[in-house]
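Good morning, and thank you for coming. I would like to take you through one structure, beginning with a term that we shall need and ending with the empty spaces.

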Amino acid sequence: TPGGTNAPPLMRGVVINELMYHPPSGDRDDEFIEIHRVGGPAIDLGGWRLDGGISVYFPPGTVLPADGYLVVARDRANLLTNYPGLGPAEVLGNYGGALADGGETVRLEMPEDLVTIQNAVVVTNTVYITVDEVTYRDGGRWGGWADGGGSSLELIDPRADNRLASNWADSDETTKSDWVTVEHTGVLDHGNDDIAINELQLMLLGGGECLVDDVEVISGGSGNFVPDGTFETGVDTWLLQGNHVASGWSDPGEGYAASRGLHLRAVSGGDNGANRLEADLTAGLSSGSTATLRAKARWLRGHPDLLLRLQGNHLEAVGSLPIPRDLGTPGRPNSQARQNRGPAIVEVTHDPVLPGHLEAVTVFARVSDPDGLSNLRVRYRLDPAEETVVVPMTYRGAGWFSATPVSY
């Protein structure tokens, strides 16, 4: 397109739409790749293949319905067991190899016959043309929960450029798990007797999220020593610390058989230092007595192991919250699917990197949207006055926009 606006990326109407590349089970047979037909009529995928870190050829008669899905499994029988709602005709397998946890390129390719004449002999060679390609990565703007945290990697808009991380998201698994009881009864012994037994500590042993409710410390028939262990009035009686500080009051209706609960959020594993939640008990307990630690909990994402412990290490209760087997949305619309979402904005830079006083600064960004772009603007703040400025950006070609709005 010399002298004109570049054409958008070529889209053939068949896309890689979902990847389960790092199942939380650690079982590679739980992997899958989903292919989606975006508009248009049904298409025959016979002879096509997936290539890259994995490899599989689609047999003759493999038809992808209009607006339909085809799930390609590493272990077809295992996938049909995990997802009983899937029909056998929707699942293809088994593919060779495995998807790498740290990043991988997956290509969907279609065959094309090239016919030539060599020494008066007709020779046919089959080549494979890339129809769609995804190179996911570990970290950055790629979804973190898809990397072993229980989610699949879902394409938000199947019409969008799926080479860009911002067009993908972690699947929403927060409604699939069940409430379980984490409980232990024992003698308060082998702890540090120099520390008063008057505090309960609560933590996840790895990065993740869960719901917690009905927290109890019971000893000697005196009732529950945890103030407001049902969280119906909030979380003010709890101290949220360290890598658990983002925890808070759950949304209405998320509690166990009640309105509210605790939404526990951990960036990484808790400890007996500053990375935990803690609540002062209504009375201290005595070393050598018997007590019960108990709570209701429900896994949402990430690490499943929840720990309740008394201060001084006198008693602990640990439970591994069950993770559902039917993770992701194979063969179904993605949980993160959105229509007409905002554009993908990547490679944002400015020049010079360190501007001098009153020096003009140019802001650059690469922007794409399947519905086209217009009236793109950059918004920024000038310090120390904290003045907000909005300036239109100019299209520079190949998806690049720039604006030179400010002197410092």
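A residue is called buried when its relative accessible area is under 20%, exposed when that area is over 50%, and partly exposed in between. Tyr57, at 45% relative accessibility, therefore counts as partly exposed. Please keep in mind that this is a predicted model.

Let me stay with Tyr57 for a moment. The whole structure holds six aromatic pairs. In one of them, Tyr57 meets Tyr128 edge-to-face, with 6.1 Å from centre to centre and 75° between the planes. This pair links distant parts of the chain, as Tyr57 belongs to strand E5 (residues 54-57) and Tyr128 to strand E11, 71 residues apart. Tyr128 is also partly exposed, its relative accessible area being 27%.

Tyr128 has a further neighbour: the charged end of Arg49 sits over its ring, 3.9 Å from the centre. A similar arrangement is found at Trp249, where the charged end of Arg260 sits over the ring, 3.6 Å from its centre.

I turn now to charged pairs. Side chains of opposite charge can pair when their charged atoms come close. How many salt bridges are counted here? The count comes to 19 salt bridges.

Consider Asp30 and Arg325, whose side chains meet in a salt bridge at 3.4 Å, N to O. Asp30 lies in the loop between strand E1 (14-20) and strand E2 (32-37), while Arg325 lies in the loop between strand E23 (316-320) and strand E24 (344-351), 295 residues apart. Is each partner buried or partly exposed? Asp30 is buried, with a relative accessible area of 8%, whereas Arg325 is partly exposed at 43%.

A further salt bridge joins Arg332 and Glu90, with the closest N and O atoms 2.9 Å apart. Arg332 lies in the loop between E23 and E24 and Glu90 in the loop between helix H1 (76-82) and strand E8 (91-93), so the pair ties together parts that are 242 residues apart in sequence. Both count as partly exposed, Arg332 at 34% and Glu90 at 22%.

The next salt bridge brings Arg107 and Asp51 together, with their closest N and O atoms 3.6 Å apart. Because Arg107 is in strand E10 (residues 103-118) and Asp51 in strand E4 (residues 49-52), the pair ties together parts 56 residues apart in sequence. Arg107 is partly exposed at 23%, and Asp51 is buried at 19%. Salt bridges with shared partners join Arg49, Asp51, Arg107 and Glu109 into one network.

Finally, the empty spaces. Rolling a probe the size of a water molecule over the atoms shows where empty space is left. The largest pocket contains about 940 Å³ of space. Its lining has 33 residues, of which Pro8, Pro9, Asp161, Arg163 and Ser368 lie nearest its centre. Strand E11 gives the largest share of that lining, four residues. By class, the lining of the largest pocket has 17 nonpolar, seven polar and nine charged residues.

The second largest pocket has about 230 Å³ of space. Among its 16 lining residues, His36, Asp157, Pro158, Ala337 and Gln339 lie nearest the centre.

There is also one cavity of 30 Å³ or more, with a volume of about 60 Å³. It is lined by 13 residues, divided into four nonpolar, four polar and five charged. Thank you for your attention.

Technical notes
Residues are numbered from 1 along each chain as its sequence is written. This is a predicted model: local features need pLDDT of at least 70, side-chain atom pairs count only at pLDDT 80 or more; totals for chains, interfaces and linings use all residues. Side-chain values use heavy atoms; hydrogens and water are left out. On a 1 Å grid over the protein atoms alone, a cavity is a set of points where a 1.4 Å probe fits but cannot get out, and a pocket is an open set with protein on both sides within 12 Å along at least five of seven lines; lining residues have an atom within 4 Å of a point. Grid points are joined across faces, edges and corners, and a volume is the space filled by probe spheres set on the points. Ala, Val, Leu, Ile, Met, Phe, Trp, Tyr, Cys and Pro count as nonpolar, Asp, Glu, Lys and Arg as charged, and the others, Gly among them, as polar. Helices (H or I, at least four residues) and strands (E, at least two) are DSSP runs, numbered from the N terminus. Rings of Phe, Tyr and Trp (its six-membered ring) pair if their centres lie within 6.5 Å; planes under 30 degrees apart count as stacked, over 60 as edge-to-face and the rest as tilted. Buried means under 20% relative accessible area, exposed over 50%, partly exposed in between (1.4 Å probe, protein chains only). A charge sits over a ring if NZ of Lys or CZ of Arg is within 6 Å of the ring centre and within 35 degrees of the ring normal. A salt bridge is a side-chain nitrogen of Lys or Arg within 4 Å of a carboxyl oxygen of Asp or Glu.
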